[in-house]
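Trainee: I should like to work through this model with you, one point at a time.
Mentor: Certainly; let us begin by displaying the sequence and the structure.

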Amino acid sequence: MNNNITDGLNFISKMTLRRLWNAGKVLSSYYASKAAQKPIQWGLPISVSFEPTTACNLRCPECPSGLRAFTRETGMLDEGFFKATIDELNRDIMYLIFYFQGEPYLNPKFLEMVKYASDKNIYTATSTNAHYLNDENARKTVESGLDRLIISIDGTTQETYEAYRIGGSLEKVLEGTKNIIKWKKELKSSTPHTIFQFLVVKPNEHQIEDLKKLAKEYGVDEIGLKTAQIYDHEHGSDLLPTIDKYSRYKQQPDGTYVIKNKLLNHCWKLWHSCVITWDGKVVPCCFDKDATHRMGDLKQETFTELWQNDNYQQFRASLIKARSEIDICTNCTEGTMVWEN
């Protein structure tokens with residue numbers, strides 16, 4: 001069976017009537033809000049992102065974690081806090097992402113938390129630079145029940161790879177991939193669904209075909225060709241790819257660059273998902289990397305209270321009224337990923 005079909009069936013198998021009912025309420029809330037031009041929220045999130053840590057071993061040039069550019073503190077997600085939050089949300093959410101900023105495997109309790117969520121029959125996913133997928137961690141990853149593993153591999157030679165993944169080793173990435181595939185076979189597991197994610201930038205765009213060959217050689221299930229978010233893109237960047245479909249930006253007649261996407265006054269993410277930082281703050285989406293728009297603190301209130309509080313409703317209202325005035329929205333290019341088998 002096609003690996004993508006297997007992954008899809010795995011996701012569907014985790015559906016319950018309650019989760020589907022909640023998804024229906026969220027979807028109808030979103031369209032009702034667009035029609036009424038005011039925030040309406042009848043459900044709880046379908047998808048939640050948890051941040052295992054803000055720490056990272058690499059120094060990627062367009063990543064706040066890699067650049068050590070946060071104003072917020074670096075820390076590790078507490079297992080007890082995570083479990084308590086999942087206990088509140090598990091009957092309603094469908095999808096749990098163990099990633100925001102930082103390298104998830106640096107949190108020593110990371111795989112225990114994955115297993116806890118998997119045991120609640122929630123679809124789980126993470127993204128890693130794969131430097132910590134030694135044989136033991138690879139086995140524990142497969143045993144944890146993790147459903148989707150995104151492996152960042154931004155070059156097919158060490159020279160190209162380390163041009164963006166500064167301080168990284170392509171050899172470690174490939175060894176980690178090999179370990180995951182080995183233990184999937186050993187344990188006769190169809191999960192995790194493995195993805196090579198390739199951040200397409202000018203220095204590596206010539207290696208896309210090589211990436212496809214590498215993925216096939218290592219037995220990876222899927223390839224994700226991701227467009228790069230460039231913070232200072234207005235006057236161009238050495239990272240901007242020359243292949244147009246892999247660029248989030250277009251050049252104007254005056255030589256400056258702007259985002260291709262139209263900034264419309266609505267956003268599905270504000271209705272169906274959120275991000276929870278390692279220390280319990282809830283922010284509206286993954287573009288708020290420094291957690292400047294804090295909707296509330298889960299160590300002070302329940303998620304249900306927070307999801308409906310004045311901060312959240314006011315933020316949704318401001319988005320409906322004038323999304324272009326919200327700083328984290330102005331460089332938003334949601335959905336710019338090209339998937340290939």
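**Cysteines, a cavity and a buried aspartate**

Mentor: In this predicted model, C285 has a relative accessibility of 10% and therefore counts as buried.

Trainee: Is C329 buried or exposed?
Mentor: The relative accessibility of C329 is 7%. Buried means under 20% relative accessible area. C329 therefore counts as buried.

Trainee: How many disulfides does the structure hold?
Mentor: A disulfide requires two cysteine sulfur atoms within 2.5 Å. The structure holds a number of disulfides equal to zero. For C285, which is in no disulfide, the nearest cysteine sulfur is 5.2 Å away and belongs to C286. The count of disulfides is thus zero.

Trainee: Which residues lie nearest the centre of the largest cavity?
Mentor: The structure holds one cavity of 30 Å³ or more, and the volume of the largest is about 80 Å³. Its lining comprises nine nonpolar, no polar and three charged residues, with α10 (269-272) and α12 (310-322) each supplying at least two. Of the 12 lining residues, those nearest the centre are C267, C285, R323, C329 and C332.

Trainee: With which side chain does the side chain of D147 make a polar contact?
Mentor: D147 is located in the loop between α6 (135-144) and β4 (148-152), and its relative accessible area of 2% means that D147 is buried. Beyond four places in sequence, the residues in contact with D147 include D7, K14, Y123 and H193. The polar contact, at 2.7 Å, is with the side chain of N10.

Conventions. Residues numbered from 1 in each chain as written. Predicted model: local features only at pLDDT ≥ 70, side-chain atom pairs only at ≥ 80, totals over all residues. Heavy atoms only, no water. 1 Å grid on protein atoms, 1.4 Å probe; cavity = no way out; pocket = protein on both sides within 12 Å on 5 of 7 lines; lining within 4 Å. Points joined across faces, edges and corners; volume = space filled by probe spheres on them. Helix = DSSP H or I, 4+ residues; strand = E, 2+ residues; numbered from the N terminus. Nonpolar A, V, L, I, M, F, W, Y, C, P; charged D, E, K, R; others polar. Buried < 20%, exposed > 50% of the residue type's maximum accessible area, 1.4 Å probe, protein only. Polar contact = N/O pair within 3.5 Å; in protein donor to acceptor, adjacent residues only side chain to side chain. Contact = heavy atoms within 4.5 Å.
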